[in-house]
Amino acid sequence: MTRLEQLFGGQLPRLVMFDLDGTLMDSVPDLAAAVDKTLMLLGREPAGVARVRDWVGNGSKVLMRRALAGQLQHGGVADELADEALTLFMQAYAGGHELTAVYPGVLECLDWLRERDVKLAIITNKPAQFIEPLLEEKGLAGYFQWLVGGDTLPQQKPDPAALLWVMGQAEVEPSASLFIGDSRNDVRAAKAAAVPCVALSYGYNHGEPIANEQPALVLDDLRELVASGSGLR
């Protein structure tokens with residue numbers, strides 16, 4: 001029996017929802033390049049990949065506010081400057097994603113789920129305009145029936161609104177649904193929607209271990225979720 005089936009009492013969920021950045025793809029190198037280009041256009045020093053890795057997860061607007069502040073806390077950043085920076089960032093990030101890579105095990109997991117007719121969705125705080133082109137470019141187009149970006153609904157994760165919306169569209173109850181992510185926003189959104197959450201250890205959680213958020217399961221590789229013969233940990 002797989003870990004996935006163990007989570008659902010020996011059955012498969014009918015719906016699996018995924019975060020995108022830090023869960024299916026390592027997108028930080030391209031995000032950092034766009035952040036640094038924006039900062040330099042504004043006459044500021046670049047932030048670098050390591051710092052940007054700790055800042056992502058709350059959407060592009062918050063990412064740029066953090067970049068302008070040089071830290072996670074960004075309350076002192078003027079709205080006018082933040083708006084200017086966001087416009088520049090969106091232009092820079094639209095330029096290409098050659099540095100973004102699909103994590104090992106992702107395709108195998110998606111194929112396994114699709115072969116068993118499990119419904120699939122993406123729920124991310126990334127702006128919706130980038131999702132479909134990125135999936136197409138990285139060979140993940142066609143797996144997902146629903147794509148929800150950070151600006152698709154008025155609310156973003158950790159608000160559960162997107163999870164509730166997708167479950168409504170799929171006509172699947174929370175007890176038969178699963179959310180897979182890598183950050184505290186993902187775990188908290190899932191818990192608020194009464195959906196079990198599997199978290200990946202390799203993603204972006206502001207430098208904190210994702211196990212601190214107490215998801216149902218923590219994995220190092222998505223293949224561990226669908227491999228037979230291993231117990232929960």
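How much space lies in the largest pocket? About 190 Å³. The model is predicted. It holds 13 salt bridges, and the count of cavities of 30 Å³ or more comes to two. The points below cover the pocket, the cavities, the salt bridges and helix α6.

**Largest pocket**

- The lining of the largest pocket comprises 13 residues, and those closest to its centre are Gly59, Ser60, Lys61, Leu86 and Gln156.
- Two elements, α4 (60-69) and α5 (79-93), each give two or more residues to this lining.
- The most comes from α4, with three residues.
- By class, the pocket lining has four nonpolar, six polar and three charged residues.

**Cavities**

- The largest cavity encloses about 220 Å³ of space.
- Its lining has 19 residues, with Asp21, Gly57, Asn58, Gly59 and Lys126 closest to the centre.
- Six nonpolar, seven polar and six charged residues make up the lining of the largest cavity.
- The second largest cavity has a volume of about 50 Å³.
- Residues lining the second largest cavity include Ile123, Thr124, Asn125, Val148 and Gly149.
- Also among them are Leu153, Gln155, Gln156, Lys157, Asp159 and Ala162.
- The lining of the second largest cavity divides into four nonpolar, five polar and two charged residues.
- Gly59 is among the residues closest to the centre of the largest pocket, and it is also among those closest to the centre of the largest cavity.
- Gln156 is one of the residues closest to the pocket centre, and Gln156 also lines the second largest cavity.

**Salt bridges between elements**

- Aspartate 26 and arginine 53 meet through their side chains in a salt bridge, at 3.6 Å from N to O.
- Aspartate 26 lies in strand β2 (residues 25-26) and arginine 53 in helix α3 (residues 49-55), so this pair ties together parts that are 27 residues apart in sequence.
- Arginine 53 is partly exposed, at a relative accessible area of 27%.
- Glutamate 108 forms a salt bridge with arginine 223, and their closest N and O atoms are 3.3 Å apart.
- Glutamate 108 sits in helix α6 (residues 106-115) and arginine 223 in helix α10 (residues 223-226), so the pair ties together parts that are 115 residues apart in sequence.
- Both partners are partly exposed: glutamate 108 has a relative accessible area of 41%, and arginine 223 has 34%.

**Salt bridges within α6, and a network**

- Aspartate 111 and arginine 114 meet in a side-chain salt bridge of 3.7 Å, N to O.
- These two residues are three apart in helix α6, a separation of about one helical turn.
- Aspartate 111 is partly exposed at 27% relative accessible area, as is arginine 114 at 40%.
- Elsewhere, Asp19, Lys157 and Asp186 are joined into one network by salt bridges that share partners.
- Lys157 of this network also lines the second largest cavity.

**Helix α6**

- The buried residues of α6 are Val106, Cys109, Leu110, Trp112 and Leu113.
- Seen down the helix axis, these buried residues fall within an arc of 160°, so they line one face of α6.
- They pack against two helices, α1 (3-7) and α10.
- They also pack against the strands β1 (15-18), β3 (101-102) and β4 (119-123).
- Contact between α6 and α10 therefore involves buried residues of α6, and the salt bridge of glutamate 108 with arginine 223 also ties α6 to α10.
- Aspartate 117 follows α6 and has a positive phi, near 60°.

Definitions and conventions
Residues numbered from 1 in each chain as written. Predicted model: local features only at pLDDT ≥ 70, side-chain atom pairs only at ≥ 80, totals over all residues. Heavy atoms only, no water. Salt bridge = Lys/Arg side-chain N within 4 Å of Asp/Glu carboxyl O. Helix = DSSP H or I, 4+ residues; strand = E, 2+ residues; numbered from the N terminus. Buried < 20%, exposed > 50% of the residue type's maximum accessible area, 1.4 Å probe, protein only. 1 Å grid on protein atoms, 1.4 Å probe; cavity = no way out; pocket = protein on both sides within 12 Å on 5 of 7 lines; lining within 4 Å. Points joined across faces, edges and corners; volume = space filled by probe spheres on them. Nonpolar A, V, L, I, M, F, W, Y, C, P; charged D, E, K, R; others polar. Arc of directions from axis to C-beta. Contact = heavy atoms within 4.5 Å.
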